[in-house]
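Open the model in your viewer and get ready to click along. We will go from whole chains down to single residues and back up again.

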Amino acid sequence: MSEIKVKLKAEIQRLLNEDIMDMVIAFKKEDSPLRPQPAFFKNPDELEDLEYNSLCQNNLATYLTRYPQDTRIGIIVRGCESRSVNALIVEKQHKRENLYMIGIPCHGIIDVRKIINRTGEEISDYSEDQDEVSVLFEGQEVKFPRKEVLHDSCLRCVHPNPVNADILLDDPLPEGDPAVVRQAVESFETMDKDERYALFRHEAERCIRCYACREACPMCYCTECFVDHATPRWSESEISPAGTHAWHIIRAFHLAGRCTSCGACERACPMDIKMTYLTDKLNENMLEEYQFEAGMDDETQPPFASFNLDDKKRFVL
Amino acid sequence: MMYILEKKNIDQTLTDWSAKYKVFAPQKVENFSQFLPVEPSSELALDNPHNTRYPPKALFLPQSEALLKYNRQLNKLEELIIAPKPRIIFGIRPCDASAVSLLDTVFHTGEYDDPYWIARRDATILIGMGCKEPCQTCFCTTVGYGPFNHDGLDGLITEVDETYFIEVFTEKGKQLFLDLPVASEDQQRIVKSIQTNAEEKMQPAFDTTNLKQKLDQNFESDYWSKISESCLGCGVCTFLCPTCFCFDIVDEVQRNERVRNWDTCMFKIYSQEASGHNPRPTRVERTRQRIMHKFSYWIDQIGKIGCTGCGRCIRYCPVGLDIRAMLKTASTLESEGINAR
């Protein structure tokens with residue numbers, strides 16, 4: 001068992017044994033080694049299935065909004081997850097005093113598809129260390145340098161350390177390079193208008209409207225999403241270009257100033273659609289125009305949710 | 001009858017068929033595969049051990065399809081009845097083909113005949129690709145099918161080294177292969193042993209004995225909230241499922257079209273009633289519906305499980321939910337509802 005997992009288990013046990021929290025959201029093992037599953041521990045005796053490694057690909061903050069605000073929830077937070085939790089606290093989706101953030105400085109999430117595309121799907125075992133991941137494919141061990149199989153969002157991560165965590169289970173890591181963040185946005189921006197539209201169409205028109213991106217996103221918690229509004233209908237539910245374009249553009253815009261670049265949307269997408277080139281661009285705009293990054297504290301309102309009379313621009317959205 | 005087609009001749013064969021038929025085969029798209037019409041530039045993915053990511057049910061029940069056009073000023077309706085060119089779907093996996101034959105019991109019942117489904121079915125020859133090497137996520141034998149099951153198929157390929165041996169089951173299938181040499185009895189024996197081997201490799205994934213009764217009797221059990229706790233409530237499992245067929249019909253008034261779109265019981269809006277009441281208000285009831293439909297209600301309706309064990313819902317679930325694990329747990333439930341709330 002990895003050192004982190006030992007510490008994590010002890011911490012979860014403490015939270016539950018001492019009745020500090022009602023439940024802890026973490027991960028558990030599943031039959032397939034590649035798919036640890038989000039788990040909701042309420043009993044300290046249930047922890048034998050606890051799992052933690054770089055294949056834990058979901059942003060657990062997405063589950064917070066399901067529980068009443070008086071539920072005392074412990075939750076694993078890596079860098080992006082902690083910022084999602086903070087952003088949810090700012091948006092009054094849970095009370096800070098009823099949360100316990102178990103921080104893990106994050107070395108990045110492994111993109112299982114990058115491995116599968118190079119080996120094949122029949123992987124029977126997985127192990128990792130800080131520099132390398134190793135899988136067993138058809139009885140053969142195949143190794144990859146970690147960087148080659150990290151998820152794209154993690155390659156571009158600037159803030160790997162949890163913000164406002166109640167405890168850190170590991171030493172903080174160096175911050176990422178902001179210039180690297182720009183790479184996906186930059187390669188999109190350097191295209192001309194037609195190329196950009198072609199890329200957008202190529203990605204968006206593969207969409208099957210399953211809304212896995214929405215459900216995986218902690219910030220997509222609207223009780224009624226605009227695509228589900230039926231009286232009257234606000235958007236086409238077809239997989240026609242009109243329907244898929246509208247979905248991808250409006251989804252991205254609704255996340256302006258709220259997205260924490262975790263990439264959970266892309267990891268959830270069954271059609272491998274790229275989406276973060278849009279949200280990363282919007283994040284960059286928010287940083288340039290308003291010096292705002294979502295989730296860097298649990299007080300500052302996102303610019304589009306706040307109003308003040310001294311606003312330098314004379315408009316109200 | 002069993003015919004012999006050398007693998008090296010496959011491109012030519014597909015091209016020859018293209019003169020008379022629209023030929024679909026699994027092809028590489030991005031990093032996955034999908035059934036698309038075969039063109040000279042197509043990159044076939046026939047050797048991929050997995051079925052295609054996007055299910056071939058879409059070739060019979062497209063995800064979005066205009067059913068009729070209307071003109072409100074002229075008070076006119078135009079039904080969009082389709083007359084598809086004869087089609088061959090080549091290389092469909094047996095799980096997906098048996099799913100198509102299951103869906104016949106929905107869209108072609110005699111009482112309810114869907115003209116769009118029937119037109120496409122009648123125009124289509126289905127040639128399957130048997131599965132020599134079942135994948136980790138496959139469980140077709142558990143639910144009553146198999147890696148060489150031929151429900152819904154006109155012909156079925158068994159790959160032996162560089163050769164495709166093709167069994168045909170219908171006249172429609174036979175007419176495609178009349179020019180090909182016929183397999184000897186020895187060859188047929190080899191094919192049969194490969195088929196049996198593949199079936200024997202597959203261990204039961206869960207116990208189906210009395211599974212329906214257990215599910216029925218535990219309708220109110222907290223089993224459902226346990227298995228649905230991590231479910232995101234997206235539509236991946238149902239949209240990629242080869243047997244899920246639910247649809248919603250909407251008027252796209254800006255285009256004067258009435259459109260049928262796939263829908264899914266996993267969405268909250270699916271069961272939202274006009275009054276505002278929702279009989280399946282949370283993911284618990286919605287997960288229950290998905291499992292009960294496949295493993296109880298289909299059995300009530302046609303006496304068969306409504307799942308063919310393709311494994312897509314397992315492979316692509318964003319949170320790693322595994323329907324086999326859910327049903328394994330269900331099979332341990334007490335029949336008399338002792339676990340019920």
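A residue is called buried here if 20 or more other C-beta atoms lie within 10 Å of its own, and exposed if 12 or fewer do. Keep that in mind as you look around, and remember that this is a predicted model.

**Stop 1: chain A as a whole.** Select chain A and colour it by secondary structure. You should be able to find eleven helices and eight strands. Of its 317 residues, 44% count as buried. Turn the chain around: its C-alpha atoms fill a box of roughly 55 × 45 × 40 Å along the principal axes. How does the radius of gyration of chain A fit a compact globule of 317 residues? Such a globule would have a value near 20 Å, and chain A has 20 Å, so the two agree. The chain also folds back on itself: among contacts between residues at least 6 apart in sequence, 68% join residues at least 24 apart.

**Stop 2: the nonpolar core.** In soluble globular proteins, nonpolar side chains tend to be buried together. Here, the largest nonpolar core has 159 residues. Select A:Val24, A:Ile75, A:Ala212 and B:Phe24, the residues with the most contacts inside that core. Now zoom in on A:Ile75 and show what surrounds it. Leaving out residues up to four places away in sequence, A:Ile75 touches A:Val24, A:Ile25, A:Leu60, A:Leu64, A:Val85, A:Leu99, A:Met101 and A:Ile102.

**Stop 3: two crossing helices.** Select residues 178-189 of chain A, which form helix α6, and residues 276-290 of chain A, which form helix α11. Their axes come within 9 Å and cross at roughly 110°. Angles from 65 to 115 degrees count as roughly perpendicular, so α6(A) is roughly perpendicular to α11(A). On the α6(A) side, show A:Val181, A:Ala184, A:Val185 and A:Phe188; on the α11(A) side, show A:Thr276, A:Tyr277, A:Asp280, A:Lys281 and A:Glu284. Sorted by class, this contact has five nonpolar, one polar and three charged residues.

**Stop 4: a loop residue in chain A.** Find A:Asn43, in the loop between β2 (37-41) and β3 (73-77) of chain A. Is A:Asn43 buried or exposed? It has 9 C-beta neighbours inside 10 Å, so A:Asn43 counts as exposed. Try your distance tool from A:Asn43 to A:Leu150: they are 107 residues apart in sequence and 33 Å apart in space, C-alpha to C-alpha.

**Stop 5: over to chain B.** Select chain B, which has eleven helices and eleven strands. Its radius of gyration is 22 Å, close to the 20 Å that the globule rule gives for 341 residues, so chain B is as compact as a globular protein of that length. The C-alpha atoms of chain B fill a box of roughly 65 × 60 × 40 Å along the principal axes, and 43% of its 341 residues count as buried. For a loop residue, pick B:Ala19, between α1 (10-18) and β2 (22-29) of chain B. B:Ala19 is exposed, because 7 other C-beta atoms lie within 10 Å.

**Stop 6: where the chains meet.** Show both chains together. Here 31 residues of chain B are in contact with 32 residues of chain A. On the chain B side, select α8 (236-240), β10 (247-252) and β11 (257-262), the elements that give two or more residues to the side touching chain A. The residues on that side of chain B divide into 15 nonpolar, ten polar and six charged.

Note on methods:
Residues numbered from 1 in each chain as written. Chains lettered and ligands numbered in written order. Predicted model: local features only at pLDDT ≥ 70, side-chain atom pairs only at ≥ 80, totals over all residues. Contact = placed C-beta atoms within 7 Å. Helix = DSSP H or I, 4+ residues; strand = E, 2+ residues; numbered from the N terminus. Nonpolar A, V, L, I, M, F, W, Y, C, P; charged D, E, K, R; others polar. Rg over C-alpha atoms; globule rule 2.2 N^0.38 Å. Core = buried A, V, L, I, M, F, W, Y, C linked by C-beta atoms within 7 Å. Axes fitted to C-alpha atoms, helices over the stretch in contact; angles between N-to-C directions. Parallel < 35°, antiparallel > 145°, perpendicular 65-115°, else oblique.
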